[in-house]
Amino acid sequence: MSVLAPETQSGPPPIEVRGLRKVFRQATSGQSVIAIDRLDLAIAPRDVVAIVGQTGCGKSTFFDMLIGLEAPTEGSLRIGGKSPHDDFDYFRGRIATVFQQDRLLPWRTALDNAKLPLELIGMAEDEQNKRALAWLNRLGLGQFINAYPHELSGGMRQRVAIARAFAVQPDIMLADEAFGHLDEVTAGELRDTFLSLARESGSTAILITHQLEEAISVGDRIVVFGKSARLLADIHVAKWPKEQYALLREAIQSTLQNNAPDPRLTQV
Amino acid sequence: MAPDEYREPVPSFTFPRQTLVSLLVFAVFWEALSHLAPYLGIPPFAVPGLLKIARSIAAITPVDIVVTLARVVGALLASFVIGLALAMAMYRSEKLHNYLHPMVRILMAVPVVSWILFAVLWFPGVEFRIGFVLVVVCGPVFLIDTIDAMRGVPRELRQMMQSFRPTTYQFFVKLMLPAIVPTIFTSWKVNISLAIRVVTIAELVGAVTGIGHQLSVAQELFSVADVFAWTIVLVVLLFLLEGLLSRAEKRLLRWRP
């Protein structure tokens with residue numbers, strides 16, 4: 001039986017989060033920890049959204065729920081009306097992720113790593129090779145398709161990871177601190193590449209980051225999470241003139257530090 | 001300069017000079033001892049000369065080697081398949097793991113001799129007895145090594161794989177099995193050595209073919225030369241199997257830095 005995802009009919013679906021709550025029970029103490037507390041959020045198709053928040057604010061839990069690895073305790077997270085957790089198979093080939101570390105499989109060459117999601121959706125091998133090769137070429141790795149991950153630099157490995165994510169042509173592209181571990185120049189290049197590819201492919205892109213500069217430079221919107229993923233601010237970056245980006249950064253910084261919206265964010 | 005460029009090229013074959021010298025010294029010592037045995041109060045049959053051992057090696061029946069080899073390889077393959085299948089099921093089901101793991105540990109603590117006695121008492125067929133003993137001794141080793149290796153696959157890789165939504169079959173075939181190949185090879189190496197020793201003991205009891213049986217015959221005939229000859233065959237067999245395994249390991253794990 002083929003598990004090939006059906007062609008998307010009309011672009012990526014909207015993401016709707018209503019009253020989302022996630023509570024974990026600690027194995028050692030038995031205490032409950034509220035990772036996400038009644039989050040409401042809507043993300044339109046093709047939006048590029050940066051989610052910022054301090055460490056432990058629930059960003060990663062939200063990310064795991066978007067991927068479908070965690071189920072909500074209460075509320076709902078729907079993508080085009082379907083749950084990424086309950087309708088797990090439906091989203092095969094529709095959601096792709098670039099992680100903080102490249103997470104390449106060390107026993108696979110660059111080409112085989114880029115092919116992985118295509119194998120999972122049951123694409124014909126010829127087509128897999130063609131498509132993975134095209135994406136690797138596009139990311140400047142045409143000379144390294146037969147190299148194993150340990151033979152590549154950190155930046156090159158992350159390029160393979162980006163090729164792997166885009167190869168499947170997903171509706172939703174997720175990036176979890178995907179460039180934070182790289183040097184500034186490489187991170188900047190990859191960020192720009194990622195962004196242009198996301199826009200070009202028409203995917204909805206959600207980036208989780210702790211770097212405000214990164215959030216401001218890539219996001220159409222910046223969603224600021226407080227403790228337990230409380231929505232502190234939802235900023236439409238286009239409304240801010242570039243000369244006021246420094247003020248925007250300060251206001252977000254203050255929002256994060258005080259766990260309360262900074263009044264300057266509503267001035268624009 | 002990359003660290004690799006400092007490395008000396010590794011020669012494909014190194015002449016085992018030290019090994020040959022130590023073997024030669026031992027052979028000379030043994031030959032001398034065989035001549036001096038009567039003067040040292042040792043019965044001559046206990047220390048046969050090298051020529052006598054060589055004659056025993058020349059008289060070895062290949063069919064017994066083939067039979068023992070077939071028993072070892074067959075039982076190891078069966079143990080591996082059973083161990084791997086159970087490990088996959090235990091990885092999928094925490095409940096199954098919690099029930100089976102203590103039982104497997106208990107099985108591993110049972111001495112080989114006890115298994116042989118159980119096999120003799122329970123099963124009439126010689127082949128089944130030998131196969132049972134080998135599988136019950138080697139299977140748990142494969143199982144424990146495999147489940148531990150599966151649980152040791154980095155969470156980051158498992159999460160990455162899950163994010164692409166594989167089927168259960170794809171999850172195991174594309175991630176878990178390739179990830180545990182190095183452990184599987186280690187487990188095979190341990191089990192080959194174990195199986196060679198266990199099969200010999202198992203064949204001592206009731207078998208009419210195989211190296212263990214021939215060792216039993218040699219013991220009845222007080223032929224130390226024959227015991228030596230068959231022991232040498234066992235050791236060579238073990239080295240050959242390990243050599244084949246190492247070649248396969250090098251080929252399959254060529255991705256390792």
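A salt bridge is a side-chain nitrogen of Lys or Arg within 4 Å of a carboxyl oxygen of Asp or Glu. The model used below is predicted.

**Exercise 1.** State how far apart the closest N and O atoms of A:Arg199 and A:Asp220 are, and where the two residues sit.

*Solution.*
- Step 1: The closest N and O atoms are 3.0 Å apart, and the pair forms a salt bridge.
- Step 2: A:Arg199 belongs to helix α5 (residues 184-201), while A:Asp220 is in the loop between α6 (212-218) and β8. They are 21 residues apart.
- Step 3: A:Arg199 has a relative accessible area of 42%, so it is partly exposed. A:Asp220, at 26%, is partly exposed too.

**Exercise 2.** Analyse the pair A:Arg249 and A:Glu213.

*Solution.*
- Step 1: Their closest N and O atoms lie 2.5 Å apart, in a salt bridge.
- Step 2: The bridge links helix α7 (residues 245-258), home of A:Arg249, to helix α6, home of A:Glu213. The separation is 36 residues.
- Step 3: Relative accessibility is 29% for A:Arg249, which counts as partly exposed. For A:Glu213 the value is 47%, again partly exposed.

**Exercise 3.** Find which parts of chain A are tied together by A:Arg221 and A:Asp47, and decide whether the two residues are buried or exposed.

*Solution.*
- Step 1: The side chains meet in a salt bridge at 3.3 Å, N to O.
- Step 2: A:Arg221 lies in strand β8 (221-225) and A:Asp47 in the loop between β2 (32-43) and β3 (48-53), so the bridge ties together parts 174 residues apart in sequence.
- Step 3: Both A:Arg221 and A:Asp47 are buried.

**Exercise 4.** Place these pairs in the wider structure.

*Solution.*
- Step 1: The whole structure holds 25 salt bridges over all chains.
- Step 2: A:Arg21, A:Asp37, A:Arg38 and A:Glu74 are joined in a salt-bridge network.

Definitions and conventions
Residues numbered from 1 in each chain as written. Chains lettered and ligands numbered in written order. Predicted model: local features only at pLDDT ≥ 70, side-chain atom pairs only at ≥ 80, totals over all residues. Heavy atoms only, no water. Helix = DSSP H or I, 4+ residues; strand = E, 2+ residues; numbered from the N terminus. Buried < 20%, exposed > 50% of the residue type's maximum accessible area, 1.4 Å probe, protein only.
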